[in-house]
Each structure stands twice: as structure tokens, then as C-alpha cells.
Amino acid sequence: MKTPVPDYLKHVLSACAANDKGKLADYIPELANVNPDRLGLALSTVDGTIYSAGDDKVEFTMQSLSKPFTYALAIKEIGLIKVLEKVGVEPSGEAFNQISLDKERNIPKNPMINSGAITTHSLIPYKKTVPRAEQIRRFLSALAGRELSFDEQVYQSEIKTAFRNMSIGYMLRTVGVLEDDPKEMVNGYIKQCAIKVTVKDLAVMTSVLANGGIQPKTGKRLLDRSVVRQVLSVMLSCGMYDAAGDWLTTVGIPAKSGVAGGIIGVLPGQVGIAVFSPKIDEHGNSVRGLRIFENLARDMGLHLMEGTPSAQTILQSRYTVGKKNNVVVYELRGVLQFTESEMLLRILQDEPAGKSTIVLDLTNLSLIHDVGVRMLFEGVDRLKQDGYKVVVVDSEGLLDKEQLKGRKREVVTEELEKFLEKFK
Ligand code: DON
């Protein structure tokens, strides 16, 4: 059997292809020369599988799609507190290139509009030999899993007409939000916008966000979970500018658009999606891209407010081993967040008396949240107080150093089967 997912993606593309509304972002002269009919779509799962359709190999410039990733890099480099001192997190309800500041704090309202993005760019630590745009290119390349490059023509073309962004830069310098030469910061920001990607690259990049910061293919952590949460939250409230409310109600996932026609969307824990179609509406969002996302959200049940499927499955199996059948093994699966932990503790509370050892196997869990760890060990302590010996099997290394503190005696890292041999 061949999976029908690629056929479904083709179907969505053809359903939206006839829409020829919108216009090219001709305020950047080079973008007026692109083929307006291009249409591409890619989707990534959190295990790193990429599906794509249409113009999936055509490169285009990221433009504002670079903003959430640069925001992530800034937080990674200097920490959230320092970033929040310079850029807020409130939706602006204004155009992406509005010359405005938060009235109370005199800083840009959020990092998704140009004033916030120019400021975020300036927060990437200065390195004498590696310009900020180059640092961003390297970080984006790591996310994409291939070397990305700048589109020099688009960069030069936007520089020539960047009067509005320059005004924003000088305004930011006037109020002290920018501490360096505004021209240099605006140029660097425009260069970061000119990084070239395909929808497939974007699907890989968004899969890292969907997967809590871990590159699904390599298993390497590229961003802390807390950074991803921050970035996705801001994408959800501010990513589609003055169309954010419309987007939230109809599509309902964190997203970001770019004036070259790209839109990315991330459903945490499930999928990353990227579309490309160059004609944009008055908000700077790809017209066909919006329709594609609306279709996908409806057909695939993507909307965040649909509620995440939960719990029913925390227990994969329960069985007893040992000569006297006095060792109870609980094999867990899925994710361990509050709801699942509550369910697990309820099951453990009903554990009939008379057994000596309880083994909790984490091997098949795909994610264990902090609250899951706390509740798990709270349960372990209570079982111990009731006289049980409790062993947690973490052969996949889900628990980190911090979580293992003071728990070394209760946690084993060998495989479950091997561990159970000693009871035979
Ligand atoms: O700064 C600009 O105007 C462009 N380099 C990027 C704007 C953009 O992509 C807005 N998003 N839809």
C-alpha cells in the first residue's frame, strides 16, 4: 500500500490553484519579477517524515518567515529576560511595517512586526568576523539540515527601496531601543530576510518547533523547549499581523507569513507545514497560502482549540513477573503530562496489596513533561511509604540530569527485558 498523504496534498493544491487574487510584493522590485503561479506545499511529521507537492524544489526568500527563528536565536543567545526588555509580546493589530511603539513601554510591540524584528536582529550578539545575518543564516541552516544561502539580488533590491524600514530603524535609535548604527541593523535585517529556502526546507525547520526543539532526524536538541514555547506563543498571537484574529479562529495554529509568499504553521507535537504562493493580500499574507491552510486545518482537524487527544492510552500493559508473581510491571506509552499522570496515579492507587515491587517502564513514552516527572516521583514516594519497592526503567534516557537529582537509586537505565531477568 502507498500512503495517501501525498495525494491528499496534491488534491489540496489543485483545489486552491484557481485562485488568482492578490498581487506580488512589488515594493521589493526584485519580487515583482517572480513567477506568480508558483505553488508548493510541504508537511513534516515529528518523526521527520516529509511529504510535499507542487513546486517543492523552488527557492524563494524567507522575508518575515525569518523573524520567529531569529527571535528563537536571540533568546537562545542572550536569554528571554533581556529580549523582553527590548521587544514586547503584545499583538499590534497593525500592519507589519507600521512605524509605531508600545505606548507605555516605548519598545516594539512584538518581534513579528518589522520594528520588533529589526530590534531582535540587533540583539544577536555582535561578533567581529561573523555579521549577525551570517550568524542567523548558519542557525537556519542547522535547522534546515542543509547550507542555506542569501539571495543577493533580492537583498540589494530591497536595500534600494528600504525607506520605511530605515525610518523604523532611526525611530528605534531615537528612543534608545537600538543601541548601534540603525542603518547597519536595518541592512542586516533585510539580509536575514533574503535567505533562500524551499517549502521542504521550511517543513524540516518547522518540524523542529513542532518537536519541542529537537531535530527529528538527528535527535539533536537545537532549541530548549521553553524557547520553542515562547516563539510559538508569539507566532500564535502576532504571526499574521492585523489578520491574526481571523487566522486564529479559522486555522488556529501558530503561524508566520512572508511577503515572498511563504507561510509556515506549527501544530505542537504533531506537524510542521509550509506553503509557497507569491501573490499576497493587503496584510502581506499569501492569498493561496491562506486558503491551503484553511483547507488543511478543516480536513486534518489542526485547530489548537479542537483540544489535544489525551490520556486514554497511558498504560500499554500491566503484568506480573517473578517466582511468586510479586513484581508488577507497568509499561507506559504516549506522553506523560498532567492528565496522563493523574490517570497513572489513579491506576496505581488501585494496585491491590500483596505485591513487593512495582516497575514503571518509561521506554515507550514519547515525551515526559516536568509536571509528569513531578507527579511520577510523588507516586513513587507514596508507593514506597506504603511498603513497595519501586523501580523506574528509563532505558531511552528521557529523564534529564536535573530530574534525576536524588533519584538515582530508583531509576535504572538498562532495557526492561534485561532488568526483569533478575526476577526469573
Ligand atoms: O521588511 C520587509 O518589508 C520585508 N523584508 C519582509 C516583510 C514581510 O515579509 C512581511 N510579511 N508578510
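This report walks through a predicted model of one protein chain, from its overall build to a handful of individual residues.

## Overall build

Let's begin with the whole chain. The protein chain has 424 residues, and 54% of them count as buried. Its secondary structure consists of 16 helices and twelve strands. If you lay the C-alpha trace along its principal axes, it spans about 80 × 50 × 35 Å.

Contacts say something about how the chain folds back on itself. Taking contacts between residues at least 6 apart in sequence, 66% join residues at least 24 apart.

## Surface and charge

The protein chain exposes about 19600 Å², with carbon and sulfur atoms supplying 50% of that area. On the charge side, there are 54 positive and 52 negative side chains. The centres of these two sets lie 3 Å apart.

## Aromatic rings

A pair of aromatic rings is described by the distance of the centres and the angle of the planes. How many aromatic pairs does the model hold? The count comes to five. Take Phe-419 and Phe-423: their ring centres are 5.7 Å apart and their planes meet at 70°, so this pair is edge-to-face, given that angles over 60 degrees fall in that class. The two partners have their own accessibility values. Phe-419 is buried, at 5% relative accessibility, whereas Phe-423 is partly exposed, at 21%. The cut-off for buried is under 20%, so Phe-423 with its 21% is classed as partly exposed.

Which residues make up an aromatic cluster? Tyr-27, Phe-96 and Tyr-241 form one. Tyr-241 sits in the loop between helix H10 (225-238) and helix H11 (244-250), and it counts as buried at 5% relative accessibility. Its backbone deserves a look too: phi of Tyr-241 is near 55°, a positive value in a residue other than glycine.

## A lysine over two rings

Lys-191 is placed over aromatic faces. Its charged end sits over the ring of Tyr-155, 5.1 Å from the centre of that ring. Lys-191 also lies over the face of Phe-150, at 4.7 Å from the ring centre.

## Loops and the end of helix H16

Asn-325 has a positive phi, near 55°, and is a residue other than glycine. You will find Asn-325 in the loop between strand S8 (315-321) and strand S9 (327-336). With a relative accessible area of 39%, Asn-325 is partly exposed.

Val-34 belongs to the loop between helix H1 (5-17) and strand S1 (40-45). Val-34 is partly exposed, at 33% relative accessibility. Setting aside neighbours within four places in sequence, Val-34 is in contact with Leu-24 and Pro-278. Val-34 and Leu-24 are ten residues apart in sequence, and their C-alpha atoms are 8.1 Å apart.

Lys-422 is in the segment after helix H16 (416-421). Is Lys-422 buried or exposed? Lys-422 is exposed, with a relative accessible area of 54%; the cut-off for that class is over 50%. The C-alpha atoms of Lys-422 and His-121 are separated by 57 Å, with their positions 301 residues apart along the chain.

## Residues in a helix and a strand

Ser-237 is part of helix H10 and counts as partly exposed at 26% relative accessibility. What does Ser-237 touch, leaving aside neighbours within four places in sequence? Its contacts are Val-89, Pro-91 and Ala-244. Ser-341 is 104 residues from Ser-237 in sequence, and the two C-alpha atoms are 30 Å apart.

Over in strand S10 (residues 357-368) we meet Asn-364. At 36% relative accessibility, Asn-364 is partly exposed. Again leaving aside neighbours within four places in sequence, Asn-364 is in contact with Gln-316, Glu-331, Leu-332, Arg-333 and Gly-334. Asn-364 and Ile-314 are 50 residues apart along the chain, and their C-alpha atoms are separated by 9.8 Å.

Notes: Residues numbered from 1 in each chain as written. Heavy atoms only, no water. Phe/Tyr/Trp six-rings, centres within 6.5 Å; stacked < 30°, edge-to-face > 60°. Buried < 20%, exposed > 50% of the residue type's maximum accessible area, 1.4 Å probe, protein only. Lys NZ or Arg CZ within 6 Å of the ring centre and 35° of its normal. Helix = DSSP H or I, 4+ residues; strand = E, 2+ residues; numbered from the N terminus. Contact = heavy atoms within 4.5 Å. Areas by Shrake-Rupley, 256 points an atom, 1.4 Å probe, with all protein chains shown as cover. Lys, Arg positive; Asp, Glu negative; His and termini not counted. Charge placed at Lys NZ, Arg CZ, Asp CG, Glu CD.
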